[in-house]
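Work through the exercises below with the structure open beside you. Try each task before you read its solution.

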Amino acid sequence: MALDATAGEADEIRRLGCAVLETEAQAVSALCSRIDGDFVRAFCYMLECQGRVVVLGMP
Amino acid sequence: MPGTGRSPWHALICLTGNPRSTLAKAAEVNIDVSVPKEACPLGLAPTASTTAALAMGDALAVALLQSRGFTAEDFARSHPAGTLGRRLLLHVGDIMHIGDALPLVQQGTLLRDALVEMSRKGLGMTAVVDAEHRVVGIFTDGDLRRTLDRSVDIHTTPVDLVMTAGGITGRTDMLAAEGLRIMEENRINALLIVDEDHRLVGALNMHDLLRAGVM
């Protein structure tokens, strides 16, 4: 394919890229309904925190 | 740790995709960031789930930021050494050339003498001021090029006739980032700094901004 994709290949590449963004956008949109009492409680804990908030992640 | 009776932290807040997980159960608060599917066709690489966690973290951070009345200056103070802090804290007055380092000539000065002043101060320009020290114009390297094109005699021509009249000016209390914006917008390399009476107090050029880390 090298650097010159055919029109068909280009369409497919764009479709793949768009599909990922749509999947991710839907995942984010769905979070609105998850903003509930837990979100508010997490917010309050951090708002009242006088020290530091340690943020870490694990796979 | 949770369960040991001596928690080193005030509260453990989790963002997980599984409310029944050990981590979620150990937390005081668990925010559900589960996603119906990953964007990865194999369902292996975290894609949609990492985006969701990122977005939920932003939601918490921004909600807190607004409730606390966090300002741009607070942000700068907590990131003083970074580019953001510099952009928010550094003012034109902190980095401009003043006194002897400021290139300036009086109105009526011969172009020849203005060029000497420009070369001596090394900012690629000189301000032209009136008897009250008010800025009447600027003569830059660019103006010099345009002047040479017109075969002007530098020994007999006053700088006023070939300068850029007026010129674009800034103020000392302006953020350096704002000075940069003005220079970029007007495509100029140097900015004259004046007081409220339009009297010259300083000057800076792109190199000064570069050295200060504003750009």
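Three exercises follow, all on a predicted model.

**Exercise 1. The contact between the chains**

Task: Find how many residues chain B and chain A each bring to their contact, and which element of chain B gives the most.

Solution:
- Step 1. Count each side. Chain B supplies 23 residues, and chain A supplies 17 residues.
- Step 2. Look for elements of chain B that give two or more residues to this side. They are β2 (29-32) and α2.
- Step 3. Pick the top contributor. α2(B) gives the most, with 10 residues.
- Step 4. Sort the residues on the side of chain B by character. There are 15 nonpolar, 5 polar and 3 charged.

**Exercise 2. Two helices across the contact**

Task: Work out how α1(A) and α2(B) are oriented to each other, and which residues make their contact.

Solution:
- Step 1. Locate the helices. α1 covers residues 7-29 of chain A, and α2 covers residues 48-67 of chain B.
- Step 2. Read the geometry. The helices pack at an angle of about 40°, and their axes are 9 Å apart.
- Step 3. Classify the angle. Angles under 35 degrees count as roughly parallel, and 65 to 115 as roughly perpendicular. The pair α1(A) and α2(B) is therefore oblique.
- Step 4. Give the handedness. The crossing of α1(A) past α2(B) is right-handed.
- Step 5. Name the residues. α1(A) uses A:Thr23, A:Glu24, A:Ala27 and A:Val28. α2(B) answers with B:Ala48, B:Thr51, B:Ala52 and B:Ala55.
- Step 6. Sort them. This contact has 5 nonpolar, 2 polar and 1 charged.

**Exercise 3. Two sheets in chain B**

Task: For the sheet of 4 strands and the sheet of 3 strands in chain B, give the strand order and the edge strands.

Solution:
- Step 1. Start with the open sheet of 4 strands. Its order is β3-β4-β5-β6, with mixed pairing.
- Step 2. Find its edges. β3 (104-106) and β6 (164-165) each pair on one side only.
- Step 3. Check one pair. β5(B), residues 135-140, and β6(B) run antiparallel, joined by 2 bridges. B:Gly137 has B:Ala165 of β6(B) as its bridge partner.
- Step 4. Add the helices. α6(B), residues 111-121, packs on the sheet and touches β3, β4 and β5. α7(B), residues 141-148, lies across β4, β5 and β6, at about 70° to β5(B).
- Step 5. Turn to the open sheet of 3 strands. The order is β7-β8-β9, again with mixed pairing.
- Step 6. Find its edges. They are β7 (169-170) and β9 (200-205).
- Step 7. Check one pair. β7(B) and β8(B) pair in the parallel sense over 2 bridges. B:Gly170 stands opposite B:Ile193.
- Step 8. Add the helix. α8(B), residues 176-186, lies across β7, β8 and β9, at about 125° to β8(B).

Methods. Residues are numbered from 1 along each chain as its sequence is written. Chains are lettered from A and ligands numbered from 1 in the order in which they are written. This is a predicted model: local features need pLDDT of at least 70, side-chain atom pairs count only at pLDDT 80 or more; totals for chains, interfaces and linings use all residues. Axes are lines fitted to C-alpha atoms, for helices over the stretch in contact, and angles run from 0 to 180 degrees between N-to-C directions. Angles under 35 degrees count as roughly parallel, over 145 as roughly antiparallel, 65 to 115 as roughly perpendicular and the rest as oblique. A crossing is left-handed if the near helix is turned anticlockwise from the far one by less than a right angle, and right-handed if clockwise. Two residues are in contact if their C-beta atoms, placed from the backbone, lie within 7 Å. Ala, Val, Leu, Ile, Met, Phe, Trp, Tyr, Cys and Pro count as nonpolar, Asp, Glu, Lys and Arg as charged, and the others, Gly among them, as polar. Two strands pair if DSSP finds at least two bridges between them.
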